[in-house]
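Me: I'd like to go through this one label by label and ask where each label comes from. Here is what I'm looking at.

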Amino acid sequence: MEDTNCPKCQNNKIVKSGIINNKQRYLCKNCNYFFTVNKIGKKIDDYYVTKALQLYLEGLSYREIERIIGVSHVSISNWIKSFNIKKPTNSNYHPTYKILNHLELIEYIRNKETLSGAGMIITELGDKFMAIKWERFKK
């Protein structure tokens, strides 16, 4: 079988392993996974998977990430489970975020009051930018 990889581990060490429902069945010699055809479905770009995981680690909820990048919160949850990501627990800080275009970002950074008193990270999000800011909870 040429140019076919295992849908589970992406290895190309596969052999024919019978026929099911008039479709050729294959076995991956690397991970012992049986499959009949390449999985056809909506493949989400790795860029969005990485962004979703980053945003999760920054403290955003599944639903917030869903609204920002436009991917189902269930998919985000599945990615987090598959990569075994654990959110750090720190109740003294909470993230706030703003989505800005280039000119808004320049104005936002120009204002010294928005930069002081908290940690901040800026990340690209498609054609816009996201500024994530951590502020200490006020007691």
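Me: How much of the contact count comes from residues 24 or more positions apart?

Reply: Taking contacts in the protein with a separation of 6 or more, 48% are between residues at least 24 positions apart. Contact here means heavy atoms within 4.5 Å. Bear in mind that this is a predicted model, where local features need pLDDT of at least 70, side-chain atom pairs count only at pLDDT 80 or more, and totals for chains, interfaces and linings use all residues. Residues are numbered from 1 along each chain as its sequence is written, and side-chain values use heavy atoms, with hydrogens and water left out.

Me: What is the pattern of helices and strands along the sequence?

Reply: It reads β-β-β-α-α-α-β-α-α-β-β, with five helices and six strands in the protein. Both are DSSP runs numbered from the N terminus: H or I with at least four residues for helices, E with at least two for strands.

Me: What makes the pair of Tyr47 and Tyr48 edge-to-face?

Reply: Rings of Phe, Tyr and Trp (its six-membered ring) pair if their centres lie within 6.5 Å; planes under 30 degrees apart are stacked, over 60 edge-to-face, the rest tilted. That rule gives four aromatic pairs. For Tyr47 and Tyr48 the centres are 5.2 Å apart and the planes are at 85°, so edge-to-face it is.

Me: And which label does the pair of Tyr56 and Tyr62 get?

Reply: Stacked: the rings of Tyr56 and Tyr62 are 5.7 Å centre to centre, with 20° between the planes. Elsewhere, Tyr26, Tyr33 and Phe35 form one aromatic cluster.

Me: Why is Tyr56 called buried?

Reply: Buried means under 20% relative accessible area, exposed over 50%, and partly exposed in between (1.4 Å probe, protein chains only). Tyr56 has 11% relative accessibility, so buried is the label. Its partner Tyr62 has 28%, so that residue counts as partly exposed. Tyr48, at 33%, is partly exposed too. Over the 139 residues of the protein, 24% count as buried.

Me: How do you know that the span of H1 is close to what's expected?

Reply: The expected span is 1.5 Å times one less than the number of residues. Helix H1 (residues 46-57) has 12 residues, for which 16 Å is expected, and it reaches 17 Å from its first C-alpha to its last. Buried residues in H1 include Val49, Leu53 and Leu55. After H1 comes Gly59, with a positive phi near 105°.

Me: Why is there no bond between Cys9 and Cys28?

Reply: A disulfide is a pair of cysteine sulfur atoms within 2.5 Å. The sulfur of Cys9 has its closest cysteine sulfur in Cys28, 3.6 Å away, so that is too far for a bond. The structure holds zero disulfides. Cys6 is in none either, with the nearest cysteine sulfur, that of Cys31, 3.7 Å away. Cys6 has 0% relative accessibility, so it counts as buried, while Cys9 at 29% is partly exposed.

Me: Is Lys133 buried or exposed?

Reply: Buried, because its relative accessible area is 9%. Lys133 lies in strand S6 (residues 128-136). Leaving out residues up to four places away in sequence, Lys133 touches, among others, His94, Tyr108, Glu113 and Met120.
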